[in-house]
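User: Please take a close look at the ligand site in this model. I would like a connected account of what surrounds the ligand and of the space that holds it.

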Amino acid sequence: MKLIKQLLIMMLLCLPFLNCTSTKKEEPKTTLKDALSGKFLIGTAMNSSQIWGKDTLGVKVITQQFDAVVAENCMKSMHLQPKDGEFDFKDADQFVDFGERNNMFITGHCLIWHSQVPAWFFTDTVGKDVSKEILTERMKNHITTVVSRYKGRVKGWDVVNEALNDDGTYRNSKFYTIIGKDFIPLAFKFAHDADPDAELYYNDYNEWYAGKRDSIVKMVIQLKDQGLRIDAVGMQGHIGMDYPNLEDYKAAMDSFAAAGVKVMVTELELSALPTPRPNVGANISDIEIYRKEMNPYTDGLPDSVATAWTNRMASFFKLFIDNSDKIERVTLWGVSDADSWKNDFPMPGRTDYPLLFDRNHQPKTIVSTIIQEAKKNK
Ligand code: GLA
């Protein structure tokens, strides 16, 4: 009897809690895309295992948190046209389908770039550089074929990627040495002819260097003066703990906006690792010690470093939110830390922590920090 009485008392005491857990609905958590809506699109690059749905956890984060996508690799010319006239659209088609199925803003990256471009693009059958006319024809064919295929579906294109050096001079790429600086307006013209409704962008890194920034402004003005369409400058955001400073980044954003284009923060990630020196010497034991020094957080970030990382990423997002009148899109260069190219660049085999979601696809503190900042600004 005593036992039954005790049981009854326990049940009565537990009732409010049982009731509570059984009827309370899961509080819907605000996502990045919800919090930032009305300010700018928040995007991510997708790798092929996400595009094909194999990385199910990654795909879940992408569909829940982001409203814009770009392909990390599969739309680069070496993948789309590995041989002259032989296009391979398998992965790119799947990527564009994914974006459409999930109602996302799809960016095509990238049409003309000196890197990840097949060697045949610039050479004849005996390996000599082709003429200006032939290279222009190849550019036209590549751009027209790719942009027409996704007409109306890919909403914006990185037409030209990384055409300038940090001091603002033209990069000595094959496009430049064979065609001259006209390769840029030509590329914009071919893209616009193929899809007049698509937005067109120039994309580059280190645009916070004054020389590069000013040359891009000049390029934008010249393109516009020639009656060509350019909608935005893409500012790759491959940033580190000690570069760039926020004022320089903002100065570049302001200059592009003043030139009459929008800003896209593209390829954003913040490396938590020290920046390697270019020359270490040849001594093997020195190299070994140096490699360890450059890869200090193989077992996780110490709290102090994680906090410094969060604060720095937060200050960039605050800058973006405060300047959302100029910014159309902010795109992270990958979903989880495990996906990032920074684990292998500029030094292979490191453990970096540059993105918003950790290696288990869990949101880092920064995600709620960004959401709070966006809500403050609603
Ligand atoms: C550049 C390119 C990107 C990517 C990164 C490294 O920023 O624009 O497509 O290749 O380098 O991953």
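Analyst: In this predicted model, a polar atom in the side chain of Glu267 lies 2.4 Å from an oxygen atom of the ligand. Lys76 also faces a ligand oxygen, with an N or O atom of its side chain at 2.8 Å. For Trp333, the distance from a polar side-chain atom to an oxygen atom of the ligand is 3.3 Å. On its own, the ligand has 300 Å² of accessible area, and the protein covers 90% of it.

Glu267, Lys76 and Trp333 belong to a shell that also includes His109, Trp113, Gln116, Asn161, Glu162, Gln236, His238 and Trp341. Sorted by class, this shell comprises five polar, three charged and three nonpolar residues. Strand 3 (105–113) and strand 6 (232–239) each contribute at least two residues to the shell.

As for the space itself, the ligand occupies the largest pocket, whose volume is about 570 Å³. The lining of this pocket consists of 29 residues, and those nearest its centre are Gln236, His238, Trp341, Lys342 and Phe345. Of these residues, Gln236, His238 and Trp341 are also found around the ligand. Strand 3 and strand 6 each provide at least two residues of the pocket lining, just as each provides at least two of the shell around the ligand. By class, the lining of the largest pocket holds twelve nonpolar, ten polar and seven charged residues.

Methods
Residues numbered from 1 in each chain as written. Predicted model: local features only at pLDDT ≥ 70, side-chain atom pairs only at ≥ 80, totals over all residues. Heavy atoms only, no water. Near = heavy atom within 4 Å. Polar contact = N/O pair within 3.5 Å; in protein donor to acceptor, adjacent residues only side chain to side chain. Areas by Shrake-Rupley, 256 points an atom, 1.4 Å probe, with all protein chains shown as cover. 1 Å grid on protein atoms, 1.4 Å probe; cavity = no way out; pocket = protein on both sides within 12 Å on 5 of 7 lines; lining within 4 Å. Sits in = over half its atoms within 2 Å of the grid points. Helix = DSSP H or I, 4+ residues; strand = E, 2+ residues; numbered from the N terminus. Nonpolar A, V, L, I, M, F, W, Y, C, P; charged D, E, K, R; others polar. Points joined across faces, edges and corners; volume = space filled by probe spheres on them.
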